[in-house]
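Student: Could we go through the labels people put on a model like this one, and check what stands behind each?

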Amino acid sequence: MKSIKPNFKALLPILVFLLLYLGSGIYFEYLKPVEGRMGFYVMSVVVAFGISLIVAFFQNRSLSFNEKISVCAKGIGDDNIVIMLFIFLMAGAFSGLAKTAGGASSTANLMLSIIPGGMAIPGMFLISCLISMAMGTSVGTITVIVPIAAEIVRSTGYSMPFMIGAVVGGAMFGDNLSVISDTTIAATRTQGVEMKDKFRANIKLALPAALVTLAILVVYALRNPAASLDTYDYNIWLALPYFIVLILALTGLNVFYVLGIGIILFFLIGGAAKTLTFETAFSAMGDGTSGMFETIIVTLLVSSISALMKEYGGFEAILSLIRRHAKSEKGGMLGICALTGFMDIATANNTVVIVIAAPIAKEISQEYGVAPKQVASLLDTTSCIFQGIIPYGAQLLVAASLAGISSLSIIPYLFYPFLLAVCTLISILVFRKAKDKKAAKKADA
């Protein structure tokens, strides 16, 4: 096996991507806004990564063009990357079918009919948690829930930023834990771990943060007048597949089986409820998989760029930087968090961040003895933390647009993402320290 020397010049493609994507995003979001469009989505992420890949091909003249193609092919052909692409397609088909059948709206309305008016804000947080776990998308959850939440605020006088902060927090909770979330898929497949193992590692961080958030929201609700909630229509049968998918996922069943069962259930129940026809069902599945195409293309491009950067010594350069500061498993974990957080601030896309950071995180995992399930959890959790609080991310921009407020006004009320960050740091700094002491005592014995 040949030795690869650290080479910071190999990181040029990522620098080009950041300048193109972050630069254009800031320009079109704050300096010259485009009416009706979010600034960070004017330049396609595919175009930015495409240009970065071209830059990577112009580097390292010691390799021929065909040799560079071979390096890219090996990166794309990794078993975990291929499995991840197939799961993306199935998750897209499931989401498209569920949305058209009316599963998301029925589930949300079912929960709204259960919660008491005095617990409107805590209730919206819990609903967002459930819907995002079922749908596997924070943006999709926000799109469904925020209009309802905004209407409750207008009829009660609650603080709009407070309410929307609760919804966004719940959406990020479910996105982080859902087995059909593209972030979960990317984190687990790139590290070669089972969904259930990553879920168990994540829940230790997410549940305490969610419980403290819920307590804060309950205290707020008790100090404010009760809301008068409307009656919402729902079909309990259309909500049922989501609950079944959640239960099956938590049992540890293979994600392909989970998604397959979910698709069949929505197909059958949607047909029986007459919300789906044979034609609309297949059309919805097609639309859902089409919606995953950008994610798939980005995955292919990033896998190619990462393979070239690794071949050129870029990964070794990053690892050498981390080695200067990280001397233990704890340091390696903090390095993974720092890398993931920085990339999310730069790209404003948590799935893209995971795909970029995952190969480097895997190297850190092997060098510092961090368990792969822990790496997958840190990648997903850290990306969700930063994605949930940056004011130019899709989550806050969509939520602010639907609620008619500024994305910056929501940030002080994002209790869950901030608490999740605290729980993550505590788990690394405190519990890892306790683990190290326990290991030292065992060694002495």
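Tutor: Sure, we'll take the terms in turn and set each value against its cut-off.
This is a predicted model, where local features need pLDDT of at least 70, side-chain atom pairs count only at pLDDT 80 or more, and totals for chains, interfaces and linings use all residues. Residues are numbered from 1 along each chain as its sequence is written, and side-chain values use heavy atoms, with hydrogens and water left out.

Student: Why is the pair of F162 and Y413 called tilted?

Tutor: Rings of Phe, Tyr and Trp (its six-membered ring) pair if their centres lie within 6.5 Å; planes under 30 degrees apart count as stacked, over 60 as edge-to-face, and the rest as tilted. F162 and Y413 sit 5.5 Å centre to centre with 50 degrees between the planes, so tilted is the label that applies. By this rule there are 15 aromatic pairs.

Student: What makes F162 and Y413 a link between distant parts of the chain?

Tutor: They are 251 residues apart: F162 is in helix α8 (residues 160-177), while Y413 is in the loop between α20 (407-410) and α21 (415-444). Helices here are DSSP runs (H or I, at least four residues), numbered from the N terminus.

Student: How do you know whether F162 and Y413 are buried or exposed?

Tutor: Buried means under 20% relative accessible area, exposed over 50%, partly exposed in between (1.4 Å probe, protein chains only). F162 is at 8%, so it counts as buried, whereas Y413, at 28%, is partly exposed.

Student: And why is the pair of F173 and Y416 edge-to-face?

Tutor: Their planes are at 75 degrees and the ring centres 5.7 Å apart, so edge-to-face it is. This pair joins helix α8, home of F173, to helix α21, home of Y416, across 243 residues. F173 is buried at 8%, and so is Y416 at 2%.

Student: What makes Y416 stand out in the largest nonpolar core?

Tutor: A nonpolar core is a set of buried Ala, Val, Leu, Ile, Met, Phe, Trp, Tyr and Cys residues joined through side-chain atoms within 4.5 Å. The largest one has 141 residues, and Y416 is among those touching the most other members, along with F49, M124, I127 and I164.

Student: Which residues does M124 contact, leaving aside its neighbours within four places in sequence?

Tutor: With contact meaning heavy atoms within 4.5 Å, M124 meets L112, I115, I145, I148, A149, I152, M163 and V167.

Note on methods: Helix = DSSP H or I, 4+ residues; strand = E, 2+ residues; numbered from the N terminus.
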